[in-house]
Amino acid sequence: MYSQMTQINADCFFEFYPQMTQISAEKETKTHRHNIICVNLRHPRTHQRVMTMILFTGLTGAVGTEIVKLLPEYGISARGLVRNVATNRGKAEALRQGGVEIVPGDLADEAAVRAALTGCEQAFLLMANCREQLELEKNFVDRARQCGVRHIVKMSATGAGSDSPALLKRYHGEAEEYIRQSGLACTLVRPNFFMQNLLHVAAAIVAQDQFFMPMRDGQVGAIDVRDVAHFVLSILTRPDQAQNTWEITGPELLSFHDIAGQLSDVMEREISYVDVPPARFKQSLQQWVPDDWYVQTVSELFELIAQGSGALLNDEYTRVTGRAPTSLRQFCQDYASFFEKG
Ligand SMILES: NC(=O)c1ccc[n+]([C@@H]2O[C@H](COP(=O)([O-])OP(=O)(O)OC[C@H]3O[C@@H](n4cnc5c(N)ncnc54)[C@H](OP(=O)(O)O)[C@@H]3O)[C@@H](O)[C@H]2O)c1
């Protein structure tokens, strides 16, 4: 699908790391725990392994939290741009304990973004969905270029594009295009529906053994955010897979009735999916979420799924990471405590 996109080989890694042109990217080593192939950079004289600092945004969120857990496995030195550090000491402390160097600041704070990016060769850009997302992501790209960053890995979403009927997919598509035009090397990571989204309906499942969404019979190739984290870190350590657009999915296509069926099997009680008309779903979401922009955006995304846009399955995750994607059944088992009664 993306054959027209630039594919590069390992030599181009040195475009990101010009100071290391003498360094031999000699061996591909397989880690003992997972079948992940990492380029093993070594200093030409000392032969010590060299891994430059990588800046991450969004480390306190769903994907970011899983990234932090995996940093030692991938041998990555990470810096995190983290907002609200003073009021949210718990989150910051968890990151510090995970070995992350913290730069306090919001993506809207230009000086903080500069400080965070300075000295980093690569950056991972992930933002929560919000009205200002596109503007902040574009600003981040400008600052990255000014600060000498060479490669940006951006969290995007399947179907991103400026012609999408859903605003958020247009945001992602426009941000992607902005990075491409910036001259920076870029890798665009477009995951399918996160399995962990089901945690948002866990309270209804616990209370009523039902969950309510407007997906009709739409299917999703749902992916576990733990796999998304593996994918991102693989990209940051595998230059041969960088500079591409990757739409990553889980291992199976699932309707929301299928999801309810698997939850029922694992939880050993009947759990059902109740399809609700889009207008009614939107109305009830408005009661919980005061942000009209967010309500509209989520409603558009769910309507796309209802129309079949989530029915995308491929093996790109395995091709890059060498791992099998997590099944929904495994997800349900691992997160069973969220769905248990009492
Ligand atoms: N959910 C899905 O099914 C799905 C599928 C494909 C793609 N995506 C994409 O994945 C991304 C969301 O990932 P996620 O679920 O890991 O996000 P998340 O759990 O909502 O976390 C968002 C992260 O961004 C940080 N953040 C938000 N605004 C910021 C700002 N102004 N300055 C600095 N940091 C800021 C948050 O910090 P705080 O902790 O301080 O809030 C948090 O660390 C979105 O771009 C979405 O479109 C989602």
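In the predicted model, the buried residues of helix α2 are V63, G64, E66, I67, V68, L71 and Y74. The helix runs from residue 62 to residue 74. Its 13 residues, at 1.5 Å a residue, should span 18 Å, and the separation of 19 Å between the end C-alpha atoms agrees with this expectation. The axis of α2 is nevertheless kinked by about 35 degrees at V68, shortly before the proline P72. V68 is itself one of the buried residues of the helix. After α2 comes G75, with a positive phi near 65 degrees.

Helix α2 also takes part in the surroundings of the ligand. With three residues, α2 gives the most to the shell around the ligand. The shell holds 25 residues, of which G58, T60, G61, V63 and L107 come nearest to the ligand. V63 thus appears both among these nearest residues and among the buried residues of α2. By residue class, the shell divides into 15 nonpolar, eight polar and two charged residues.

Helix α3 comprises residues 89-97. K91, A92 and L95 are buried in this helix. These three residues cover an arc of only 95 degrees around the axis, so they lie on the same side of α3. The other side of α3 carries the exposed residues R89, G90, E93 and Q97. The packing partners of the buried residues of α3 are α2, β4 (78-82) and β5 (101-104). α3 is followed by G99, which has a positive phi near 85 degrees.

Q97 belongs to α3. Q97 is classed as exposed because 9 other C-beta atoms lie within 10 Å, where the limit for an exposed residue is 12 or fewer. The C-alpha atom of Q97 is separated by 9.6 Å from that of V68, a residue 29 positions away along the chain. The latter residue is the site of the kink in α2.

Helix α5 spans residues 133-146 and contains A144. A144 counts as buried because it has 25 C-beta neighbours inside 10 Å, the threshold for burial being 20 or more. Neighbours within four places in sequence aside, A144 is in contact with L117, A123, V149, I152 and L184. A144 and T118 are 26 residues apart in sequence, and their C-alpha atoms are 8.2 Å apart in space.

Helix α8 (225-237) is followed by a loop that leads to β11 (245-248) and contains Q243. Of the 13 residues of α8, 13 are buried, and the helix is therefore largely enclosed by the rest of the structure. The expected span of α8, at 1.5 Å a residue for 13 residues, is 18 Å; the end C-alpha atoms are 18 Å apart, in agreement.

Two residues other than glycine were examined for their backbone angles. Most residues other than glycine have a negative phi. Q243 departs from this pattern with a positive phi near 55 degrees. Q243 counts as buried because 20 C-beta neighbours lie inside 10 Å, and the criterion for burial is 20 or more. R216, likewise not a glycine, has a positive phi of about 50 degrees. R216 is located in the loop between β9 (210-213) and β10 (219-220). With 17 other C-beta atoms within 10 Å, R216 is partly exposed.

Helix α11 consists of residues 292-306, and D292 lies in it. D292 is exposed, since 10 other C-beta atoms are found within 10 Å. K282 is ten residues from D292 in sequence, and the C-alpha atoms of the two residues are 9.9 Å apart.

Across the chain as a whole, there are 14 helices and 13 strands. Buried residues account for 40% of the 342 residues. Of the contacts between residues at least 6 apart in sequence, 74% join residues at least 24 apart.

Note on methods
Residues numbered from 1 in each chain as written. Predicted model: local features only at pLDDT ≥ 70, side-chain atom pairs only at ≥ 80, totals over all residues. Near = placed C-beta within 6 Å. Helix = DSSP H or I, 4+ residues; strand = E, 2+ residues; numbered from the N terminus. Nonpolar A, V, L, I, M, F, W, Y, C, P; charged D, E, K, R; others polar. Arc of directions from axis to C-beta. Contact = placed C-beta atoms within 7 Å. Expected span 1.5 Å × (residues − 1). Bend = angle between axes of the 7 residues up to and from the residue.
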